[in-house]
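Work through the exercises below with the sequence and the model side by side. Try each task before reading its solution.

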Amino acid sequence: PTKKTPDKSGIDESSLENPDLGPFLLKLARDTIASGDNPNKALDYAIRASKSFERCSGPGLELAMSLHVLAAIYSSLGRFEEAVPVLERSIDVTDDALAKFSGCMQLGDTYSMMGRLDRSIRCYESGLRIQIEALGDSDPRVAETCRYLAEAHVQAMQLDEAENLCKRTLDIHKEHSAPASLEEAADRRLMALVCEAKGDYESALEHLVLSSMSMIANGQENEVAAIDVGIGNIYLSLGRFDEAIFAYQKALTVFKSTKGESHPSVALVFIRLADLYHKTGKLRESKSYCENALRIYAKPVPGTTSEEIASGLTEVSAIYESLDEIEEALRLLEKAVKLLEDTPGNRSTIAGIEAQMGVMLYMVGRYGDARISFENAVAKLRASGESKSAFFGIVLNQMGLASVQLYRIDEAIELFEEARKILEQECGPCHLETLGVYSNLAATYDAIGRVEDAIEILEYILKMREEKLGTANPDVDDEKKRLAELLKEAGRTRNRKGKSLEKLLDARSAKKESAKRWSTFGFRT
């Protein structure tokens, strides 16, 4: 290999020729990490060990293992960019399948911590291929890797890929594990999450019930309670409110007795109950449960992470938004952002919160602030490698609407056009989200005098909406009227601030669209 391990220790090169030095320094590095002492000292040992192995034994398993340790220390110091080339080299320097597999998975984890989920998934896929070649495709260790990869696909909202991997994992565990095993229970919980995200609530409920039975058989009381929360969520989605309350209350009783009254798990159940009572019109009870959850987050018990609190505040904020308490909802989101460190691994989460803040700011007419929030979210999503996702396309569309309100029409067109390309790729040209962007783009084209382009888009939208919604739908009527006006005025000299732009600037219409679109993509969940 042409790459060399970077030398940052300023050591005496001649001392590295001793073949006993590499193993000794590697042990020192590991012991220093385990003791929690000076991590920079551990880094120095690991660099010297890697260089010694490189000098004495050359490419091989020992060098690969030392590079794995070196990369782990870089990551623990937050120096992910330096860990990446070290791990890439560790994969290159050995033919040992297990070492290559470990290098791929560690590289995937590093990219995940950097917020680069796309690259992370590619690394996990490479690791899985190496593992299957070495062990066969039905080994239980392959099942664990499949589940790990499935979780990454769920995080990226690549649900079909996640579902296929979950099925594969279940098949392997059924073959090698006893009935109602903990492994099968974990597989079914993940499969339930995928089914719920796809809207297949009955299948999700079936997997959760089977998972719960396995956990009961294995005496996992807290895990059963966590599954009960998931079952309550499914019942809530199905409108089976009494059954949802029963599931939540079961979980609440267990969490309070085993974890304490102020544990974040208790706060999470309070939030679920608040959401349920809001959906059933019991607003006083809903707000009371929100306040109970906020009291727990205000005085978190030891061990509660800032990510847990931020996630809870975000969910409570969504309920306050539904109660039309927008200022309180915004305050909670601002607090959530402050709790999260702006590290690469948190960028996607912060971007989601900032996008939600942008929607709320837009709804109350603070268009300048909304645009800034969307702009911050867009920058973080680009940096995280998520600039091709459907969610990114929706954020661009929302930012475009804010730009229109500020009469920054050229900027809005650029945003709508980029959103169109992404949503065409991710959702297809006939999807309602894509058609919504087409409609916005047609209005802005009309506003700057590109009438023929606007007419072409509106004709396509009208055709698609008639096919999907029927000719009597109000949305179809609106598109017909807009198209008729453009066709009538085509070729005439007129004030280009026409009715299409006025419609696009209609705040009430935008509010409705914003709420609908975010809800469609499950943003608040």
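UniProt positions are given in the numbering used here, feature names are shortened, and annotations may be inferred rather than shown by experiment. This is a predicted model: local features need pLDDT of at least 70, side-chain atom pairs need 80 or more, and totals for chains, interfaces and linings use all residues. Residues count from 1 along each chain as written, and side-chain values use heavy atoms, without hydrogens or water.

**Exercise 1.** Find which residues UniProt lists for "repeat: TPR".

Solution. The unreviewed UniProt entry lists 64–97, 225–258 and 310–343. Take residues 64–97: the end C-alpha atoms are 11 Å apart, with 79% helix and 0% strand. Now residues 225–258: the ends lie 10 Å apart, with 91% helix and 0% strand. Helices (H or I, at least four residues) and strands (E, at least two) are DSSP runs, numbered from the N terminus.

**Exercise 2.** Decide whether α13 is largely enclosed or not.

Solution. Start with length. Helix α13 (residues 264–279) has 16 residues and reaches 23 Å between its first and last C-alpha, close to the 22 Å expected at 1.5 Å a residue. That expected span is 1.5 Å times one less than the number of residues. Next, burial. Buried means under 20% relative accessible area, exposed over 50%, partly exposed in between (1.4 Å probe, protein chains only). In α13, 12 of the 16 residues are buried, so the helix is largely enclosed by the rest of the structure. Among them are V266, F270 and Y277. Last, partners. The buried residues pack against α11 (221–237), α12 (241–259), α14 (283–298) and α15 (306–322), where contact means heavy atoms within 4.5 Å.
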